[in-house]
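Got the viewer open and a selection box ready? Here is a short walk through the model, one pick at a time.

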Amino acid sequence: MEALKLLVLLADEVLIIVLFLLLFPQLGLRVPLWAILLLLAVLLAKDIAVAPYVLRGSLERKPEVGPESLIGKTAVVLEDLDPEGIVKVEGELWRALCLNGKASRGDKVLIVGVRGTTALVECREVTGENSVEI
C-alpha cells in the first residue's frame, strides 16, 4: 500500500519527464533543461511537503467532527445512568446509555459508540488527555 501511495505521489514528476524529455522533442518542441529542472524541483518540494501526511496515513484518521469524534473520550455523568441518563462531554449534554451497569452523578465514563443521538458509554476507570471536567 505504501508503494502505491508513493507512486501516485510521484506521478506528476514521471509525467513531466515523459512529456518534456521524450514526447515534446519528437514533436519538435524544445524546452530548456533549466525550465524542466525548475519544474521538477517545485513538484518534488510539493511531494516532500505532502508525503508525511500521505505515507503516515493522516488521511485515514478518525473523524474530528460529528458524533463519531466522541468515541474514546471521557464524559462526566450529570444524571445517574440506570442504564440511561445524561452526560456532559466537551461542554455538550448528551443522552447516554450505560452498557455495563450503572453510573452515578459525578462519575466519569468512557464513550464507546454513538447510536443516533445517544452516546453509548461504559463505566471504567478512565484517564488521559481526553478527560473532561465539568
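Start with E122, which sits in strand 5. This is a predicted model, so treat every value on this tour as computed from it. Leave out anything up to four places away in sequence, and E122 touches L99, N100, V109, L110 and V112. Now add I111 and draw a line between the two C-alpha atoms: I111 and E122 are 11 residues apart along the chain, and their C-alpha atoms are separated by 6.6 Å.

**Zoom out for the overview**

Colour by secondary structure. The chain has three helices and five strands, and they come in the order α-α-α-β-β-β-β-β. Of its 134 residues, 30% count as buried. Among contacts with a separation of 6 or more, 42% are between residues 24 or more positions apart. Switch on the surface and you are looking at about 9,000 Å² exposed by the chain, with carbon and sulfur atoms supplying 63% of it.

**The helical part**

Select residues 33-55, which make up helix 3. From first C-alpha to last, its 23 residues reach 31 Å, close to the 33 Å expected at 1.5 Å a residue. Where does helix 3 bend? Go to A49: the bend there is about 35°, and a proline, P52, follows within four residues.

Next, show side chains for I36, L40, L43, D47, A51 and V54, the buried residues of helix 3. What covers them? Bring up helix 1 (2-9) and helix 2 (11-26), which are included in that cover.

**Down the strands**

Move on to strand 1 and strand 2, which pair in the antiparallel sense over three bridges. A hairpin of four residues connects them. For one of the pairings, pick E79 and look across to I86, its bridge partner in strand 2. While you are there, select P83 in the loop between strand 1 and strand 2. The peptide bond joining D82 and P83 is cis, with omega about -10°.

The next pairing along is strand 2 (residues 84-89) with strand 3 (residues 92-98): antiparallel again, joined by six bridges. Two of the partnerships make handy picks. E84 has L97 as its bridge partner in strand 3, and V87 stands opposite W94.

These two strands form a hairpin with two residues between them. Select E90, which is found in that loop between strand 2 and strand 3. What is unusual to check on its backbone is phi: the value is near 50°, positive in a residue other than glycine. Is E90 buried, exposed or partly exposed? Its relative accessibility is 46%, so E90 counts as partly exposed.

Now for a change of direction. Strand 3 and strand 5 run parallel to each other, paired over four bridges. Pick A96 and find A119, its bridge partner in strand 5.

Stay with strand 5 (residues 118-123) and go to T118. Which residues does T118 contact, setting aside its neighbours within four places in sequence? Select R95, A96, L97 and G113 to see them. T118 counts as buried because its relative accessibility is 16%, and the cut-off for buried is under 20%.

**Into the cores**

In soluble globular proteins, nonpolar side chains tend to be buried together. To see that here, select L81, V87, V109, I111 and V121, the residues with the most contacts inside the largest nonpolar core, which has 14 residues. Strand 1 (74-79), strand 2, strand 3, strand 4 (108-115) and strand 5 each supply at least two residues of this core. Strand 3 gives the most, with three.

Centre on V109 for a closer look. Beyond its neighbours within four places in sequence, its contacts are K73, T74, A75, V77, L81, V87, A103, V121, E122 and C123. That list takes in E122, where the tour began.

Apart from this core lies another, of five residues; I16, F20, I36 and L43 are among them. Select those four for the last stop: I36 and L43 are already familiar as buried residues of helix 3.

Note on methods
Residues are numbered from 1 along each chain as its sequence is written. This is a predicted model: local features need pLDDT of at least 70, side-chain atom pairs count only at pLDDT 80 or more; totals for chains, interfaces and linings use all residues. Side-chain values use heavy atoms; hydrogens and water are left out. Buried means under 20% relative accessible area, exposed over 50%, partly exposed in between (1.4 Å probe, protein chains only). Contact means heavy atoms within 4.5 Å. Accessible areas come from the Shrake-Rupley method with a 1.4 Å probe; for residues, only the protein chains shown count as cover. The expected span of a helix is 1.5 Å times one less than its number of residues. The bend at a residue is the angle between axes fitted to the seven residues ending there and the seven starting there. Two strands pair if DSSP finds at least two bridges between them. A nonpolar core is a set of buried Ala, Val, Leu, Ile, Met, Phe, Trp, Tyr and Cys residues joined through side-chain atoms within 4.5 Å.
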